[in-house]
Amino acid sequence: MNEEKLLQAFQHYVDAENKIEAKDWMPDGYRKTLIRQIAQHAHSEVVGMLPEGNWITRAPSLRRKMILISKVQDEAGHGLYLYSSCETLGVDRDTLIRELHSGKAKYSSIFNYPTVSWADIGAIGWLVDGAAIVNQVSLQRTSYGPYSRAMIRICKEESFHQRQGYEIMIALAKHGNVAQKKMAQDALNRWWWPSLMMFGPSDVSSAHSAQNMAWKIKRHSNDELRQKFVDMTVPQAEYLGLTIPDPNLKWNESRGHYDFGEIDWTEFNEVIKGNGPCNKQRVAARNAAYDNGAWVREAATAHAAKRAARNSDAA
């Protein structure tokens, strides 16, 4: 079968809502797109541990500390699922990690912002994980089987993360004192626009969106998902008694959606290029963790070799 017929058969198979598996034939572009997207997703989970891990020792109660530790552990697990899924496409994990540590690989722009108060942990759970859920729920139906299946568990855990964040915001904004309410509003002010940027560039500027949707890697466009997030989040902010920092935000009766202001795409592009508030700090932290953990990897490798030799002798 020639290339053109293979492409037609592939598209027909995807259009019929079938899952592509690791050993199935797939276009090179499909494979490369998945490697880029899944690797970026995996890197985001791992780097995303850093802003919150920064607050584990400073959590205001033992209960909050335990919940935050559990959440950070979940993020590590998500990275593991996604790296494993990416490996099914023929790329090894060491390569993916080297690309992250060298700065070549991208991860979500949101994790290049600092967490300056405890309210930021609430805002991250509520807004950042809320945005992640909006995006990732649709990825449960992505056309690549290993990625789709990994997303099922990840989404269940992300829903817990979103609830814990919103609970923190309720404690601060609904039941807190004046200073705590002010802290919650400040966190919303700083995290709102970066959260909208999480969905990626606008549809007119997205280089990959149309093809990704044709291959059913994505099910909804960036702007569709962003709109869904805004519509979902505005009533939550109103319940908290907080004000979303967008003077152009208003309900549009004719559209049945909220209108909202223009995102600062210059800021978005600068962060993506590595010029955000914490880009260098995040990459340096990952490199340091990798270097400091070398003895663990070496010990695990030596143990595995010793165990394999013992089993070989026994056989």
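Reader: Before we look at this predicted model, which angles between two helix axes count as oblique?

Author: Angles under 35 degrees count as roughly parallel, those over 145 as roughly antiparallel, and those from 65 to 115 as roughly perpendicular, while the rest count as oblique.

Reader: And what describes two packed helices?

Author: In general, two packed helices are described by the angle between their axes together with the distance between those axes. Here, α5 packs with helix α12, residues 279-292, at an angle of about 135 degrees, and their axes lie 8 Å apart. The pair α5 and α12 is therefore oblique.

Reader: Which residues make the contact?

Author: From α5 the contact takes I97, L100 and H101, and from α12 it takes V283, R286, N287 and Y290. By class, the residues of this contact of α5 with α12 divide into four nonpolar, two polar and one charged.

Reader: What lines the second largest pocket?

Author: Its lining consists of V46, M49, A76, G79, L80, Y83, R93, I97, L100, H101 and R286, and these residues divide into seven nonpolar, two polar and two charged. At least two lining residues come from each of α4 (62-87) and α5 (93-102), and the space in this pocket is about 210 Å³.

Reader: How many helices and strands does the chain have, and how compact is the chain?

Author: The chain has 13 helices and two strands. Its radius of gyration is 21 Å, close to the 20 Å that the globule rule gives for 315 residues, so the chain is as compact as a globular protein of that length. Along its principal axes, the C-alpha trace spans about 70 × 50 × 35 Å.

Definitions and conventions. Residues are numbered from 1 along each chain as its sequence is written. This is a predicted model: local features need pLDDT of at least 70, side-chain atom pairs count only at pLDDT 80 or more; totals for chains, interfaces and linings use all residues. Side-chain values use heavy atoms; hydrogens and water are left out. On a 1 Å grid over the protein atoms alone, a cavity is a set of points where a 1.4 Å probe fits but cannot get out, and a pocket is an open set with protein on both sides within 12 Å along at least five of seven lines; lining residues have an atom within 4 Å of a point. Grid points are joined across faces, edges and corners, and a volume is the space filled by probe spheres set on the points. Helices (H or I, at least four residues) and strands (E, at least two) are DSSP runs, numbered from the N terminus. Ala, Val, Leu, Ile, Met, Phe, Trp, Tyr, Cys and Pro count as nonpolar, Asp, Glu, Lys and Arg as charged, and the others, Gly among them, as polar. Axes are lines fitted to C-alpha atoms, for helices over the stretch in contact, and angles run from 0 to 180 degrees between N-to-C directions. Contact means heavy atoms within 4.5 Å. The radius of gyration is taken over C-alpha atoms; the globule rule is 2.2 Å times the number of residues to the power 0.38.
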